[in-house]
Amino acid sequence: GVENAFGTKRIVFMKKINAAVLGANGRMGVEISHLLFTSKDFSAALAYSRHNSVEGYKQSTKSLDKKKFKNIDVIIDFTQPEFFSEALSLAAELKIPIVSGTTGIGSEQQKKIKMASKKTAVLWAPNMSLGVAVLSEALGGFTKLKGFDFQIEEFHHKHKKDKPSGTALFLQKKLDEVVGQKNPEPLAIRGGGIFGVHKVYAMSDCETIEFTHSALNRTVFAQGALTAARWIVGKKPGNYAMRDVLL
């Protein structure tokens, strides 16, 4: 509660954030839905799925009908690269903040992100885990290393389509910038049901440094997506990253 002039507390009712989830029937969509249904901050307002209607939401749609997004405060997108551009266009036109963890996107979609970010707040991240955001920041310490070789290695489940992963490429870009050189391409291993392991090695003749991030379940990515969605509501148009959420 909040105290008034008489020292007594009054209850302040906060409006729930109306969230639309695109790709609600996918692996990540299901995880996010579970968290939304029990969230105190969010309302599961709208679900989009191309093939099936989605239960548990106030509304479900199989098309990006603008009318359905009338009262939406934030869009959470975990779809396919080919659909991502449509989602960005919708968010930009309606000026709704969008958080996306869609992976496998190319330079064309990166251009669309920049275009959309002029009209609304856009946060795209290949990995929604706050731990990976911290790992990326930690790589800054490698600037002081001389005479070292560097290598990134990643492990994912056998159904993951992109190889190397978007997270590995994101870490690679950061690593190359930090150490001022182009390093070998990330090693990608696919097998079983591994949620995601990313390792960054720094190796000299005398010592080895290893940073490892392991996702123990998909919930960590869903939690990160909702943290980002909560953070981005009310933000000015711009192109944001998970590191912004940490700051």
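In this predicted model, helix 4 and helix 5 cross in a right-handed sense. Helix 4 covers residues 130–138 and helix 5 residues 166–179, and their axes come within 9 Å, crossing at roughly 25 degrees. Angles under 35 degrees count as roughly parallel, so the two helices are roughly parallel to each other. On the helix 4 side, the residues that meet helix 5 are Val132, Leu135, Ser136 and Glu137; their counterparts in helix 5 are Thr167, Phe170, Leu171 and Lys174. Sorted by class, this contact has four nonpolar, two polar and two charged residues.

Then there is the sheet. Seven strands make it up, paired in parallel and lined up in the order 5-4-3-6-7-8-13, and the sheet is open. Strand 5 (59–61) and strand 13 (238–240) sit at the edges; each has just a single partner strand, so one side of each goes without a neighbour in the sheet. Going from one strand to the next, the twist averages 20 degrees.

Further in, strand 6 (residues 74–77) runs parallel to strand 7 (residues 98–100), and three bridges join them. Isoleucine 75, for instance, has isoleucine 98 in strand 7 as its bridge partner.

Helices pack on this sheet too, among them helix 1 (residues 27–37), which touches strand 3 (17–22), strand 4 (42–48) and strand 6. The direction of helix 1 makes about 160 degrees with that of strand 3. Helix 3 (residues 107–116) also packs on the sheet, where it touches strand 8 (121–124) and strand 13. Here the direction of helix 3 makes about 150 degrees with that of strand 8.

Key. Residues are numbered from 1 along each chain as its sequence is written. This is a predicted model: local features need pLDDT of at least 70, side-chain atom pairs count only at pLDDT 80 or more; totals for chains, interfaces and linings use all residues. Side-chain values use heavy atoms; hydrogens and water are left out. Two strands pair if DSSP finds at least two bridges between them. Helices (H or I, at least four residues) and strands (E, at least two) are DSSP runs, numbered from the N terminus. Axes are lines fitted to C-alpha atoms, for helices over the stretch in contact, and angles run from 0 to 180 degrees between N-to-C directions. Contact means heavy atoms within 4.5 Å. Angles under 35 degrees count as roughly parallel, over 145 as roughly antiparallel, 65 to 115 as roughly perpendicular and the rest as oblique. A crossing is left-handed if the near helix is turned anticlockwise from the far one by less than a right angle, and right-handed if clockwise. Ala, Val, Leu, Ile, Met, Phe, Trp, Tyr, Cys and Pro count as nonpolar, Asp, Glu, Lys and Arg as charged, and the others, Gly among them, as polar.
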